[in-house]
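Student: Can we take a close look at the side chains here, on the surface and inside? I'd like to know how they are grouped and paired.

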Amino acid sequence: MKISAAILALAVSSANAFAPSASVGRTATNLYGGGNMEPVDRTMNGIDDNLGYEAFDPTAGDSPAVARNNNGGVWVQQRARPRRNRKSAGVRAMVRENIVTPANFIYPLFIHDEDHNTEIPSMPGCQRHSAESMLKEIGESLELGVKAFVIFPKVADDKKTNLACEAYNPEGIVHRSIRMIKEKYPDAIVCTDVALDPYSDQGHDGVVEDGVILNDVTINQLCKQAVSQARAGADIVAPSDMQDGRVKAIRDALDSEGFTNVSILSYTAKYASAYYGPFRDALDSHPGFGDKKTYQQDPANGREALIEAALDAQEGADMLMVKPGMPYLDIIRRLKDNSDLPIAAYHVSGEYAMLKAAVERGWLDEKDVVLETLTCFKRAGADIILTYYAKQAAQWMKEDGLY
């Protein structure tokens with residue numbers, strides 16, 4: 001009965017579509033919920049009579065730019081009208097190509113060995129969390145659909161050395177935090193950063209000698225760090241150091257210790273970017289000398305990312321990351337088009353801080369610009385998005401009924 005009624009309604013609707021118009025100037029269905037509500041005369045006749053000057057008439061002459069339809073209304077003879085697929089929220093939702101959900105997020109959290117939280121001035125809304133606060137933040141995020149988290153430690157200066165041995169201390173802040181998270185929230189996906197800079201008294205991602213970052217010596221330390229994190233319960237290790245050959249070495253180290261199910265999310269295309277400043281404020285990990293241009297990628301290079309991606313895939317990476325995100329959407333697309341592995345984008349601290357600064361000045365609507373930004377990552381090809389907005393974005397999506 002319901003199907004028959006639906007067919008009848010469709011037939012009536014189709015018939016009405018070809019019925020003569022009761023009024024040439026009738027008002028179209030209001031799909032927009034605002035603006036002028038007065039009927040517009042579609043013939044456009046006489047609207048310029050009292051201007052005091054002669055206006056061009058697009059419908060006049062032997063070759064008019066605008067024709068007239070059977071009802072006398074102005075008519076651009078255009079069959080393909082893409083706006084038909086944008087005419088209402090329902091139609092837009094039906095044909096939407098990319099949809100972001102909280103399940104796409106990895107939420108970065110800063111932690112420190114204190115019993116209180118500390119605000120990060122260059123990252124409004126972000127804090128260095130105490131253990132209790134970290135667990136609370138994760139619990140609230142899980143309720144909103146965010147499933148994955150990556151933790152970054154602020155390490156005390158007296159524990160920093162050139163060899164960064166604190167990076168693989170089983171009683172270190174990261175290892176204790178992993179165990180706490182997995183004990184309280186066993187279904188949470190815990191991701192860890194594999195790099196030496198938070199633990200280095202040199203402020204670099206590797207071991208330093210005479211101003212040079214030692215590639216192979218660094219990898220030796222990274223293997224110890226990755227295995228120790230896996231032993232603590234990490235689900236995903238994410239080497240962000242950009243040393244050559246580290247993915248293979250870490251994969252072999254994990255596998256040799258029985259951690260074949262621990263995933264590697266490789267920072268494949270990590271650029272020597274100026275967008276990392278607020279993150280380094282959060283961890284107090286600014287380079288002690290020079291910069292990181294001898295191991296992180298040149299922002300001017302795009303094809304180089306494909307070399308790194310091919311190597312990481314061959315060496316056993318499970319996922320590939322591009323960092324930063326928004327300024328490097330072209331790199332995300334290149335990796336997506338050239339790899340079958342999932343692609344991650346890191347919406348980094350500088351990008352976050354820029355949005356926050358504009359929002360604080362009233363120049364941007366925070367919710368709209370953040371959700372648009374995250375959608376742009378997805379459209380460019382990102383399957384995974386690391387963002388400091390993860391929890392807030394998930395809350396907005398829930399409020400809007402988007403998931």
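Tutor: Let's start with what a patch is: a group of residues with over 30% relative accessible area and no salt bridge, where nonpolar side chains are joined within 5 Å and like charges within 9 Å. Keep in mind that this is a predicted model.

On the surface, Val40, Met44, Ile47 and Val74 make up a nonpolar patch, and together they offer about 300 Å² of accessible area. Val74 sits in strand 2 (residues 74–75). Its relative accessible area is 34%, so Val74 is partly exposed and passes the over 30% cut-off for a patch.

There's a charged patch too: Arg81, Arg83, Arg84, Arg86 and Lys87 gather into a positive one on the surface. Arg86 belongs to the loop between strand 2 and helix 2 (89–95), and at 49% relative accessibility this arginine is partly exposed.

Now for a look inside. Phe105, in strand 3 (residues 105–112), is buried at 1% relative accessibility. Beyond its neighbours within four places in sequence, Phe105 touches residues including Val100, Val146, Leu374, Ile385 and Met397. The C-alpha atoms of Phe105 and Lys391 are 8.9 Å apart, although 286 residues separate the two in sequence.

On to the charge pairs: the whole structure has 20 salt bridges. One of them joins Asp318 to Arg251, with 3.6 Å between the closest N and O atoms. Asp318 is in the loop between helix 8 (303–315) and strand 12 (319–323), while Arg251 is in helix 6 (residues 246–256), so this pair ties together parts 67 residues apart in sequence. Asp318 is partly exposed at 30%, whereas Arg251 is buried at 10%.

Asp337 and Arg333 pair up at 2.9 Å, N to O. Both are in helix 9 (residues 329–338), and because they are 4 residues apart, about one helical turn separates them. Asp337 is exposed at 52% relative accessibility, and Arg333 is partly exposed at 33%.

Then there's the salt bridge between Lys356 and Glu366, 2.8 Å from N to O. Lys356 is part of helix 10 (residues 349–360) and Glu366 of helix 11 (residues 366–380), so the bridge ties together parts 10 residues apart in sequence. Both of these partners are buried.

Finally, Lys391 comes up again: Lys136, Glu137, Glu140 and Lys391 are joined into one network by salt bridges that share partners.

Notes
Residues are numbered from 1 along each chain as its sequence is written. This is a predicted model: local features need pLDDT of at least 70, side-chain atom pairs count only at pLDDT 80 or more; totals for chains, interfaces and linings use all residues. Side-chain values use heavy atoms; hydrogens and water are left out. Accessible areas come from the Shrake-Rupley method with a 1.4 Å probe; for residues, only the protein chains shown count as cover. A salt bridge is a side-chain nitrogen of Lys or Arg within 4 Å of a carboxyl oxygen of Asp or Glu. Helices (H or I, at least four residues) and strands (E, at least two) are DSSP runs, numbered from the N terminus. Buried means under 20% relative accessible area, exposed over 50%, partly exposed in between (1.4 Å probe, protein chains only). Lys and Arg count as positive and Asp and Glu as negative; His and the chain ends are not counted. The place of a charge is taken as NZ of Lys, CZ of Arg, CG of Asp or CD of Glu. Contact means heavy atoms within 4.5 Å.
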